[in-house]
Amino acid sequence: MKKHILSRLSLKSIHVSEEIRHSYNGIFIDLGELVVFTINVIKQLFRPPYEYKELIKQGFILGNKSFGLVSVTGFIMGLVLTMQMNPVLADFGAQSLLPSAISVAMVRELGPVITGLICAGKMSSGIGAEIAAMRVTEQIDAMEVSGTNPLGFVVTTRVMAAMITVPVLVIFADAFSLFGAFLAVNIFEDTSFTLFMDRSFSMLGFRDLMPATIKTVFFGFFIGLIGCYKGYNAGIGTESVGKAANSAVVSASLTIFVIDLVFVLITNLL
Amino acid sequence: MQKEEVIVVKQLYKSFGDKHILRGIDLTLHKGENLGIVGKSGTGKSVLAKCIVRLIEPDKGEINVLGTDVLACDDAELTGIRKKVGYLFQGGALYDSMSVRENLLFPVRRTQFVDKEQDSEELVENSLRSVGLLDAIDKMPGELSGGMKKRIALARALILKPEIILYDEPTTGLDAVTSGEISELIIKVKEEYGTASIIITHDMKCAKIATDNIQIMKEGVFVVEGTYDELSASTDKEIRDYFI
Ligand SMILES: Nc1ncnc2c1ncn2[C@@H]1O[C@H](COP(=O)(O)OP(=O)(O)OP(=O)(O)O)[C@@H](O)[C@H]1O
Ligand SMILES: [Mg+2]
C-alpha cells in the first residue's frame with residue numbers, strides 16, 4: 001500500500017522494498033515519504049489548473065472552524081497574563097511597562113504558538129480525518145479517474161487555505177489578547193484605550209512583527225501539509241480515519257514547536 | 001472478423017506485502033462485449049479493476065487499454081485514457097461534501113466534456129432520469145439510501161459516455177426489481193453506444209442478463225471462461241456452485 005503511494009507520487013526512483021519496510025518500518029521511511037509528498041505538493045502549487053474556488057471554500061471552512069476558539073483563547077490569555085504580571089511589575093514600580101510587556105509576549109511568541117497549537121488540533125485533525133475518509137471510501141480514486149489530480153484539488157487547496165488562514169487567525173488572537181489585557185489593566189487602574197494602545201505598540205518594532213508573521217505562514221503550511229499527508233496515506237478500513245486524525249494532531253503540534261524554535265534561533269542570529 | 005480489442009491484460013501480478021492477490025491474470029475485452037467476472041469475496045476482482053485504470057500499480061504484467069500501454073504512458077496520456085473509461089466503484093464513492101448535482105457535474109466540468117454550462121445541467125438531469133432518481137438532484141449523499149447512492153454513482157460513471165465501463169458490483173445491495181432495472185440499463189448502454197464493459201458481480205441474475213461472457217476468478221487467476229449458459233450447466237460442481 002505505502003509502496004504504491006510512493007510510485008503514484010511520480011518520484012518513481014524512490015523504491016523501498018516491502019522487506020526493508022517490515023524491518024525498519026519507522027520514522028525515517030515516514031520522513032522520506034513526507035519529503036516526497038511535500039515536494040509534490042509544492043510542485044503542484046505552481047502547476048495549473050489553479051483551484052481558486054475550492055481554495056476560497058476551504059479557506060472559509062478552516063477559518064470559521066477555528067475563529068471562535070482562537071479569539072476566546074487570545075482574549076483569556078491577554079487577560080490572565082496581565083493579571084499575573086501586574087503584581088510583579090508593581091513591585092518594581094514598572095506598571096507602565098505592562099502593556100508593552102504583554103504585547104511583546106503575545107505578538108512575538110504566545111499568539112502565534114497558541115494559535116498554531118489550536119489550529120494543529122482543529123485543522124490538522126479535521127483535514128486528516130476528512131481526507132482519510134475520502135481515501136477509504138474511494139473518493140480520491142474517483143477523482144483521479146475523473147481527470148482530476150487529487151493532489152491539486154484536495155491537498156494543495158487545503159495547504160494553501162491553512163497558510164492563509166493561520167496568519168489571519170494569529171492577528172485576531174493578538175488583537176483579542178490586547179483587548180483582554182486592556183480590560184485587565186482597567187481592573188487595577190483607569191487607563192484610556194488610546195494610552196494603552198500607545199504603550200502596547202511602543203516597544204513593538206519591525207523586528208518583532210516580521211519574524212512572528214512569517215513564522216505563522218510556516219505554521220499554516222505544515223498544519224495543512226501534515227493533515228493532508230496523514231489523510232492521503234491512510235490505510236484501508238475505517239479505523240484508519242481515526243488514526244490519521246490522531247497522528248496528524250500529534251505531528252502537527254510537535255512541528256509547531258520545532259518551527260518556533262528554529263525561528264527563534266534564526267532571529268537571534270540576525 | 002475478430003472484433004477490435006479494447007482491453008488486453010497479460011500476466012498481471014500484484015501483491016500487498018506477502019499477500020499475493022493477482023497471480024497472472026490474462027484478459028481480453030472486445031469492443032461491444034460485456035465480460036462478467038465472478039469469484040469469491042477477496043479474490044482480487046476489485047484490485048484487478050483498479051489496476052486497469054492504474055489506481056493500483058501492479059507488480060508485473062502488461063495492460064493495454066484502447067491501444068495505450070497504461071503502465072508506460074505519461075500522466076497526460078493516462079488522463080486521456082481515464083476519460084474514456086467509466087468506473088463504478090464498489091462502494092459508490094460519491095463525494096460526501098457535494099450534492100448529487102455537483103457529484104455528477106464534477107466529471108463533466110473537470111474534463112470539459114461540454115462547452116456550455118446549460119448543456120452540462122441537461123446532461124446531469126438526463127443521466128439522473130436514466131437511473132430514475134431525478135428527484136434526488138439536490139440531496140446530499142448522506143441523505144440517500146445505499147441503493148440510491150449506488151444508482152447515482154452509476155449515473156456518474158455513465159455521464160461522460162465512456163467507451164469502456166468497469167462496473168464493480170453494480171447491483172449489490174439493491175432489491176430484485178431495481179437490480180433487474182440496472183441490468184437492463186447496462187444492456188441498453190451497451191446497445192446504444194456500443195460500449196465494452198467489465199462487470200464484476202455476485203448477482204447471477206445480473207450476470208445472466210447483462211454479460212456475453214464470464215470469467216471465473218479463483219485465488220488471483222481466471223480458471224474458467226464461458227457464457228452464462230455454458231458455465232451454469234458445467235459438469236464441474238465447483239463451477240456450477242457459483243451460479244446458484
Ligand atoms: N490497498 C490495499 N492494501 C492492502 N491490501 C489490499 C488493498 N486492496 C485490496 N487489498 C486486499 O486484496 C484482497 C482482494 O481485494 P479485492 O477488493 O480485490 O477483493 P474482491 O475480489 O473485490 O472482493 P469482494 O467481492 O468482496 O469485493 C483483499 O484481501 C484485500 O484485503
Ligand atoms: Mg470488490
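Here are some exercises on a two-chain structure, each with a worked solution.

The model is predicted, so keep the ground rules in view: local features need pLDDT of at least 70, side-chain atom pairs count only at pLDDT 80 or more, and totals for chains, interfaces and linings use all residues. Residues are numbered from 1 along each chain as its sequence is written, chains are lettered from A and ligands numbered from 1 in the order in which they are written, and side-chain values use heavy atoms, with hydrogens and water left out.

**Exercise 1. Take stock of chain A**

Task: Find how many helices and strands chain A has, and describe its overall extent and surface.

Solution:
- Begin with the elements. Helices (H or I, at least four residues) and strands (E, at least two) are DSSP runs, numbered from the N terminus. Chain A has ten helices and zero strands.
- Next, look at the extent. Along the principal axes, the C-alpha atoms of chain A fill a box of roughly 65 × 40 × 35 Å.
- Then turn to burial. Buried means under 20% relative accessible area, exposed over 50%, and partly exposed in between (1.4 Å probe, protein chains only). Of the 270 residues in chain A, 49% are buried.
- Finish with the surface. Accessible areas come from the Shrake-Rupley method with a 1.4 Å probe, and for residues only the protein chains shown count as cover. Chain A exposes about 12900 Å², with 72% supplied by carbon and sulfur atoms.

**Exercise 2. Follow a helix of chain A**

Task: Check the length of helix α10 of chain A and say what its buried residues pack against.

Solution:
- First, the rule: the expected span of a helix is 1.5 Å times one less than its number of residues.
- Now apply it. Helix α10 (residues 239-269) of chain A has 31 residues and reaches 45 Å from its first C-alpha to its last, close to the expected 45 Å.
- List some buried residues. Among them in α10(A) are A:Val241, A:Ala244, A:Ala245, A:Ala248 and A:Ala252.
- A general point helps with such lists: an α-helix has 3.6 residues a turn, so residues three or four places apart point the same way.
- Last, find the partners. Contact means heavy atoms within 4.5 Å. The buried residues of α10(A) pack against α5 (98-136) and α9 (206-232) of chain A.

**Exercise 3. Take stock of chain B**

Task: Work out what the radius of gyration of chain B says about its form, and add the element counts.

Solution:
- Count the elements: chain B has nine helices and ten strands.
- Recall the rule: the radius of gyration is taken over C-alpha atoms, and the globule rule is 2.2 Å times the number of residues to the power 0.38.
- Compare the values. A compact globule of 244 residues would have a radius of gyration near 18 Å, and chain B agrees with its 18 Å.
- Add the burial: 55% of the 244 residues in chain B are buried.
- Look at the contacts. Among those in chain B between residues at least 6 apart in sequence, 66% join residues at least 24 apart.

**Exercise 4. Follow a helix of chain B**

Task: Test the span of helix α6 of chain B and name elements that cover its buried residues.

Solution:
- Take the span. The 18 residues of helix α6 (residues 176-193) of chain B should span 26 Å at 1.5 Å a residue, and the end C-alpha atoms are 26 Å apart, which agrees.
- Pick out buried residues: α6(B) has several, including B:Ile182, B:Leu185, B:Ile186 and B:Val189.
- Name the cover, which includes β3 (34-39), α4 (117-130) and β7 (164-168) of chain B.

**Exercise 5. Two positive phi values**

Task: Decide whether B:Glu169 is buried or exposed, and do likewise for B:Glu219.

Solution:
- Start with the background: most residues other than glycine have a negative phi.
- Read the angles. Phi is near 50° at B:Glu169 and near 45° at B:Glu219, a positive value in a residue other than glycine.
- Place the residues. B:Glu169 lies in the loop between β7 and α6 of chain B, while B:Glu219 lies in the loop between β9 (213-218) and β10 (221-226).
- Decide on burial. B:Glu169 counts as buried because its relative accessibility is 5%, whereas B:Glu219 is exposed at 56%.
- Look at the neighbours. Leaving out residues up to four places away in sequence, B:Glu169 touches B:Lys45, B:Gln90, B:Lys150, B:Ile200 and B:His202.
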